[in-house]
Amino acid sequence: MTTFIFLGDMFVMAFMAGIAAWILYPGNSKTLDEVARIPLEDEEDHG
Amino acid sequence: MEAVSNKVYHDTVVIRLIQFSVIWALLAMLGGVWLAAELIWPGLDFGQYWLSFGRLRPLHTNGVIFGFGVSALMATAFYSVQRTSHVPLFLPRLAWFCCYAWQLVVLLGGLSLLAGYNTSKEYAELEWPFDIAIAIVWVCFGVVFFGTIAMRRIRPIYISNWFYGALIIVIAMLHIVNSLALPVGLIQSYSLFAGAQDAMVQWWYGHNAVGFLLTGGFLGMLYYFLPKHAGRPIWSYRLSVLAFWAFVYSYIWAGPHHLHYNSVPEWVQSLGMVMSVVLLAPSWATMVNGIMTVSTAWEKLRTDPALKFIVLSLAFYGLATFEGPMMSIRSVNVVSHFTDWTIGHVHSGALGWNAMITYGTFYFMAPRLVGRELYSSRLANLHFWLALAGTMLYIVAMWAAGVSQGLLWLSVDDIGELSFDFKDIMASMVPYYILRLVAGLIFLAGTFLMAYNLYMTVRGRPALRAVPPAVAPAFGVSR
């Protein structure tokens with residue numbers, strides 16, 4: 001059980017590291033800035 | 001019921017869910033005030049079983065969480081998912097089914113609690129027929145939500161939808177597993193789990209119901225309505241994505257901190273404690289992100305009651321998510337557990353975070369849904385101060401009561417015997433309980449003001465026919 005939990009934990013940690021690397025990759029800056037604006041431009045007249 | 005259209009956002013169902021949510025808030029909070037009074041004057045049950053504390057208390061919690069909270073989450077999820085996907089709701093008639101079926105489940109389930117049918121699992125008290133009905137409505141909720149996302153006209157899935165999605169998926173998983181039971185009658189059953197396993201499954205459910213419903217779902221609300229209302233994008237979208245995954249990863253482990261000094265393995269207790277402390281990071285990441293988002297829009301706080309509620313809810317979110325990890329540390333928990341400190345902690349989250357962000361969101365949505373100004377900003381401002389005063393008085397009273405109880409219960413004399421009688425300790429709590437009752441009345445009065453204000457705002461007005469904008473090229477998806 002301990003090994004199972006440890007391996008699972010390491011898998012999740014690797015996933016988290018991947019997320020962090022992707023999110024901090026400078027090439028994604030423009031896209032993320034545009035995504036952040038989605039709520040501000042979501043209705044035709046009064047969005 | 002509005003005509004099904006391929007272009008117009010389906011907002012009438014959102015208005016109806018807001019109305020149900022407000023009705024449940026009034027009823028369930030009235031129940032809470034009555035319970036607070038019963039703790040001072042036990043005779044208020046008038047010898048009636050259905051008015052006893054044991055039956056009214058689950059009615060209060062179920063009414064607030066599932067009636068008020070889930071109706072608000074459905075309303076805001078339906079409102080925001082269409083807008084962030086640039087398409088109307090998928091299967092709008094199914095959304096109407098979710099709306100009415102959910103109210104029926106909460107109503108009949110509440111009546112069953114008053115009649116004494118109770119599984120004895122906290123926040124999962126309803127018996128098996130209601131559990132099945134909840135699962136069906138919840139799956140329908142998921143079909144409408146994820147169907148809308150699948151039909152979206154812009155490629156990215158905005159962060160609020162990730163939180164709402166986690167709410168739907170994880171609550172379905174928790175509810176179904178924790179409710180597994182052997183029926184032995186029309187409204188009676190026995191859990192499939194027994195002993196320590198039952199306790200561990202129950203608090204895996206119980207803590208994550210708090211985590212993914214009362215935290216994750218409401219964070220979805222925050223990430224959509226805060227930038228929307230402040231008129232600025234979220235301060236760091238990167239931080240919001242990191243906070244989401246860290247939140248999902250760490251919360252699911254934290255349940256065993258409810259079972260400290262119990263008959264579950266010590267390593268399980270330690271794991272729950274450590275992951276609870278780790279949770280501080282994603283929680284405060286969101287709080288900082290929210291505060292920084294409004295940091296360039298402080299001037300709006302002077303005049304806008306809706307934004308005041310949302311920003312104040314962030315402060316209470318930060319407070320509650322600091323206090324929770326501290327209380328999960330075993331050496332603190334030995335004082336806090338089974339005392340009113342826990343009640344104060346729960347209400348700093350429930351009143352300060354959940355209710356306040358919901359109130360702010362309702363004040364924001366209602367005028368926009370019907371294309372009319374809020375009926376009275378003065379009443380909304382008065383509501384804000386009543387809500388703040390009620391919440392502060394409540395949690396300070398319960399902190400004082402809880403810390404006193406914990407320390408007095410642990411006091412021993414020179415030969416190791418308890419210094420104080422349990423009955424005497426509880427009798428000395430009455431002044432704090434009176435303060436709590438006053439706090440509850442103040443908070444409830446504010447909620448009545450909001451109900452009147454929102455009623456006057458939407459009275460006699462149909463939902464505005466809001467439509468998606470032209471798709472921005474950067475996000476366009478060819479369909």
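The largest nonpolar core of this predicted model has 138 residues. Within this core, the residues with the most contacts are B:M74, B:F78 and B:L167. Helix α6 of chain B gives the most to the core, with 20 residues. Around B:L167, leaving aside residues up to four places away in sequence, the contacts are B:L73, B:F212, B:L213, B:G216, B:G217 and B:G220.

Helix α6 of chain B is also the place of B:K228. This lysine counts as buried because 25 C-beta neighbours lie inside 10 Å, whereas 20 or more are enough for that class. Along the chain, B:K228 and B:F364 are 136 residues apart, yet their C-alpha atoms are separated by 9.5 Å. B:K228 also touches chain A: its contacts, not counting residues up to four places away in sequence, are A:P39 and A:L40.

The contact between the two chains takes 20 residues from chain A and 26 residues from chain B. On the side of chain A that touches chain B, α1 and α2 of chain A each supply at least two residues. The helix that gives the most to this side is α1(A), with six residues. By class, the side of chain A that touches chain B comprises 12 nonpolar, two polar and six charged residues.

Two helices of chain B may be set side by side.

| Helix of chain B | Residues | Span between end C-alpha atoms | Buried residues |
|---|---|---|---|
| α7(B) | 237-251 | 21 Å | 11 of 15 |
| α13(B) | 340-370 | 42 Å | 25 of 31 |

For α7(B), 15 residues at 1.5 Å a residue should span 21 Å, and so the 21 Å between its end C-alpha atoms agrees with expectation. The helix is mostly covered. Among its buried residues are B:Y237, B:R238, B:F244, B:F247 and B:Y251. What do the buried residues of α7(B) pack against? Their partners in chain A are α1 (2-24) and α2 (29-36). In chain B, they pack against α5 (159-178), α6 (195-230), α8 (266-278) and α9 (280-294).

Helix α13(B) has 31 residues, and its reach of 42 Å from first C-alpha to last is close to the 45 Å expected at 1.5 Å a residue. Where is the kink in α13(B) centred? The kink, of about 30 degrees, is centred on B:A355. This helix, too, is mostly covered. Just after α13(B), B:G371 takes a positive phi of about 65 degrees.

The strands of chain B complete the description. Is strand β1(B), residues 181-185, mostly covered or hardly covered? Strand β1(B) is hardly covered, for the count of buried residues among its five residues is zero. Its partner is strand β2(B), residues 188-191; the two run antiparallel and are joined by four bridges. In one of these pairings, B:A181 of β1(B) has B:S191 as its bridge partner in β2(B). A hairpin of two residues connects β1(B) to β2(B).

Definitions and conventions:
Residues numbered from 1 in each chain as written. Chains lettered and ligands numbered in written order. Predicted model: local features only at pLDDT ≥ 70, side-chain atom pairs only at ≥ 80, totals over all residues. Expected span 1.5 Å × (residues − 1). Buried ≥ 20, exposed ≤ 12 C-beta atoms within 10 Å, placed from the backbone. Contact = placed C-beta atoms within 7 Å. Pairing = 2+ DSSP bridges. Nonpolar A, V, L, I, M, F, W, Y, C, P; charged D, E, K, R; others polar. Bend = angle between axes of the 7 residues up to and from the residue. Core = buried A, V, L, I, M, F, W, Y, C linked by C-beta atoms within 7 Å.
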